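Got your viewer open? Let's take a walk through this model, one selection at a time.

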Amino acid sequence: MFLSAGLTAVLGLGACGSVSSNAGTGGSGSGGSTGSGGAGPTDAGTGGATDARVDSSGNDAPAAACDLTKPFGTPALVTSLNTGFIEIDVWLTDDSRTAYVASTRTDLGGLGSYDIYVASRAGATGDFGAMTPLAGINSANADRRPVLSPDRLTLFFSSNRPAGDGGTGTNIWVVTRPNALADFGTPGLLSGANSAATDFPDSVSADGKMLYLDSAVGASRDIYVRDLTTTNPATPVTELNSTSSDAFAVISSDGRTVYFATSRPLPGTAADAAVKTDFDVWVAHRAAATGTFSNLAPVPELNTTSEDAPNWLSPDGCTIYLSSDRTALAGNRHIWAASKPAN
């Protein structure tokens, strides 16, 4: 396989890996349970759309699947994705039909302490089928935080595997494939996104240009964004960061809302209160897809006294998937989901 000069410039791949194709458009989004399905030979089709209606101009327009002004419902355990092991990260295709999960399970031939698995289902809701290891991605080290582009051609993930071109610790890796039916190629380091500290991918914008990530390069874990169209290094999203840990930035499909995890004190808590050791889910907004986020606030219906972190938001903004160690399955970290009320 070979890599074009254009893609090398866009993704800034490190020398220790090659990839099989061009980069896909990225995306997480504010969304419900629609999109396109998974990896491997059964992974066909593009993202599903919500039911259509006719707008005031006589054009087809997507019907709103939920009331975005309402809070999410109570998170429910996604039983078909969870086991007696730890399921710590999840990412879905835009049609909600395929899930990529990082797990410590040892019963399926995984190679490392954490491996990435894939599971699919027939529709946007219902149980997922059996999980299988994601071909060509896992190593004998910890492989986590899968983030897939909406066209399913580009996968970002984290790994602490040895990095021959200068990366140290846990780094962000990237890999592509020529079509959604093919296996991924050989992973390579994503340049401009890694540090000597621990680096994780969080989400990618709907146009595939911006990768949100978190890193412990400073005094605390902070949220950064990397412009994938340039060779510039990642820059901090300063308005989301605090003196506490901030991570798991999940951007909506319109780029105007971000859910993230933070260990900062809750509003009304004294600044000198006992330091929190667990994450809560917060949300922030901005007027356009670029610019500064503001109105940072916790999302109380998603939080517990345990660790709660957003992983994936559906393109319509209606459904969010979380990782949490709230009481269930012996208290291990598992995958949960919550949706806003339907219209």
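Start by selecting R145, which is buried, with a relative accessible area of 6%; buried means under 20% relative accessible area, exposed over 50%, and partly exposed in between, with a 1.4 Å probe and protein chains only. Before going on, note that this is a predicted model, in which local features need pLDDT of at least 70 and side-chain atom pairs count only at pLDDT 80 or more, while totals for chains, interfaces and linings use all residues. Residues are numbered from 1 along each chain as its sequence is written, and side-chain values use heavy atoms, with hydrogens and water left out.

**Stop 1: R145 and its surroundings**

R145 sits in strand 8; strands here are DSSP runs (E, at least two residues), numbered from the N terminus. Check its backbone too: the phi of R145 is near 50°, a positive value in a residue other than glycine. Most residues other than glycine have a negative phi.

Now pick S158, in strand 9. S158 counts as buried, at 1% relative accessibility. Show its contacts (heavy atoms within 4.5 Å): leaving out residues up to four places away in sequence, S158 touches A142, D143, R144, R145, T170, N171, W173, D199, F200 and P201. So R145 turns up again, as one of the residues that S158 touches.

**Stop 2: strand 16 and its hairpin**

Another positive phi is waiting at F248, near 55°, again in a residue other than glycine. F248 belongs to strand 16 and is buried at 6% relative accessibility. Select the whole strand, residues 246-251: 6 of its 6 residues are buried.

Add strand 17, which pairs with strand 16 in the antiparallel sense over 4 bridges; two strands pair if DSSP finds at least two bridges between them. For one of the rungs, look at V250, whose bridge partner in strand 17 is Y259. The hairpin has 5 residues between these two strands, and G255 takes a positive phi near 75° there.

**Stop 3: the largest pocket**

Keep Y259 selected and add L68, T257, H285 and K340: of the 19 residues lining the largest pocket, these five lie nearest its centre. A pocket is found on a 1 Å grid over the protein atoms alone, using a 1.4 Å probe: it is an open set of points with protein on both sides within 12 Å along at least five of seven lines, and lining residues have an atom within 4 Å of a point. About 320 Å³ of space lies inside, the volume being the space filled by probe spheres set on the points.

Which elements give two or more residues to the lining? They are strand 17 (257-262) and strand 18 (280-285). Colour the lining by class and you get 7 nonpolar, 7 polar and 5 charged residues. In that scheme Ala, Val, Leu, Ile, Met, Phe, Trp, Tyr, Cys and Pro are nonpolar, Asp, Glu, Lys and Arg are charged, and the others, Gly among them, are polar.

**Stop 4: D278**

Between strand 17 and strand 18 runs a loop, and D278 is in it. Buried or exposed? D278 is buried, with a relative accessible area of 14%. Draw a distance from D278 to T305: their C-alpha atoms are separated by 7.8 Å, though they are 27 residues apart along the chain. Beyond four places in sequence, D278 touches T262, S263, T304, T305, S306 and E307.

**Stop 5: the open sheet**

Next, bring up the open sheet of 4 strands, with the order 3-22-21-20 and antiparallel pairing. Strand 3 (76-77) and strand 20 (308-313) are its edges, each pairing on one side only. Strand 20 meets strand 21 (residues 319-324) over 5 bridges, and the partner of A309 in strand 21 is S323.

**Stop 6: the nonpolar core**

Finish with L81 and Y321, which touch the most other members of the largest nonpolar core, a group of 40 residues. Such a core is a set of buried Ala, Val, Leu, Ile, Met, Phe, Trp, Tyr and Cys residues joined through side-chain atoms within 4.5 Å. Elements giving two or more residues to this core include strand 4 (87-92), strand 5 (98-103) and strand 22 (334-339). Around L81, not counting residues up to four places away in sequence, you'll find E87, V90, A99, V101, A119, F128, M131 and I335 in contact.
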